[in-house]
Amino acid sequence: MTEQPSSDEKKVVAIRVSPTFKKQLDSVVELTSKTLNDAGVEALESWVAKTLSDPAIREKAMQNIQAEEQALQERRQALQAMLGDGGDAAASQKQAAPAERSGGRRGKTSGE
């Protein structure tokens, strides 16, 4: 079983800026009660919200979702083709088989 990440788990996103801009960032952040990390997260959240409010970007996102769904459907069909028409039935029979065998031929010889 896989562990689910906690809701407060953070991932590192590193950005590269010029030394001059880094000094400017440090100076501005020093004037506030925020950390450079907090300011960066706030700026990125603002940028994402602004970007996603653009109808063209939203349309492109929907196209990407549809393309991913199509690719998933194609993979599903390929796997089903490899498993054959009875792929689901065979899987069901394998799960049911141990229960069906439990009261069956235990202790009997092949000659009986």
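## A starting point: valine 48

Valine 48 is partly exposed, at a relative accessible area of 38%. The structure is a predicted model. Valine 48 sits in helix H2.

This residue also belongs to a nonpolar surface patch. Leu44, Trp47, Val48, Leu52 and Ile57 make up that patch, and together they offer about 450 Å² of accessible area. Helix H2, residues 36-52, gives the patch its largest share, 4 residues. A patch member needs over 30% relative accessible area. Valine 48 has 38%, so the residue passes that cut-off.

## Overall fold and surface

The protein chain holds 4 helices and 0 strands. Its pattern along the sequence is α-α-α-α.

Little of the chain counts as buried: 3% of its 112 residues. The exposed surface of the chain comes to about 10,800 Å². Carbon and sulfur atoms account for 55% of that area.

## The largest pocket

The largest pocket encloses about 710 Å³ of space. Its lining counts 21 residues, and those closest to the pocket centre are Ile15, Leu36, Asn37, Gly40 and Val41.

Which helix gives the largest share of the lining? H2 does, with 8 residues. Helix H1, residues 19-30, and H2 each supply at least two lining residues. By class, the lining splits into 13 nonpolar, 3 polar and 5 charged residues. H2 therefore gives the largest share to two features: the nonpolar patch and the lining of the largest pocket, with helices taken as DSSP runs.

## Salt bridges

Side chains of opposite charge can pair when their charged atoms come close. How many salt bridges does a search of the whole structure find? The count is 3.

One of them joins lysine 11 and glutamate 9, at 3.4 Å from N to O. The cut-off for a salt bridge is 4 Å, so this pair qualifies. Lysine 11 is exposed, at 68% relative accessible area. Glutamate 9 is partly exposed, at 39%.

Another salt bridge lies within helix H1. Lysine 22 pairs with aspartate 26, and their closest N and O atoms are 2.7 Å apart. Both residues lie in H1, 4 residues apart, or about one turn of the helix. Lysine 22 is partly exposed, at 33% relative accessibility. Aspartate 26 is also partly exposed, at 33%.

Glutamate 42 and lysine 34 form a salt bridge too, with 2.3 Å between the closest N and O atoms. Glutamate 42 has a relative accessible area of 41% and is partly exposed. Lysine 34, at 36%, is partly exposed as well. Residues in salt bridges are left out of patches, so glutamate 42 and lysine 34 cannot be patch members.

## A buried residue in H1

Is valine 29 buried or exposed? Valine 29 counts as buried, because its relative accessibility is 14% and the limit for buried is under 20%. This valine is found in helix H1.

Valine 29 and alanine 39 stand 10 residues apart in sequence. In space, their C-alpha atoms are 7.4 Å apart. Two valines thus fall in separate classes: valine 29 is buried at 14%, whereas valine 48 is partly exposed at 38%.

Note on methods. Residues are numbered from 1 along each chain as its sequence is written. This is a predicted model: local features need pLDDT of at least 70, side-chain atom pairs count only at pLDDT 80 or more; totals for chains, interfaces and linings use all residues. Side-chain values use heavy atoms; hydrogens and water are left out. Patches are made of residues with over 30% relative accessible area and no salt bridge: like charges are joined within 9 Å, nonpolar side chains (Val, Leu, Ile, Met, Phe, Trp, Tyr) within 5 Å. Accessible areas come from the Shrake-Rupley method with a 1.4 Å probe; for residues, only the protein chains shown count as cover. A salt bridge is a side-chain nitrogen of Lys or Arg within 4 Å of a carboxyl oxygen of Asp or Glu. Buried means under 20% relative accessible area, exposed over 50%, partly exposed in between (1.4 Å probe, protein chains only). On a 1 Å grid over the protein atoms alone, a cavity is a set of points where a 1.4 Å probe fits but cannot get out, and a pocket is an open set with protein on both sides within 12 Å along at least five of seven lines; lining residues have an atom within 4 Å of a point. Grid points are joined across faces, edges and corners, and a volume is the space filled by probe spheres set on the points. Ala, Val, Leu, Ile, Met, Phe, Trp, Tyr, Cys and Pro count as nonpolar, Asp, Glu, Lys and Arg as charged, and the others, Gly among them, as polar.
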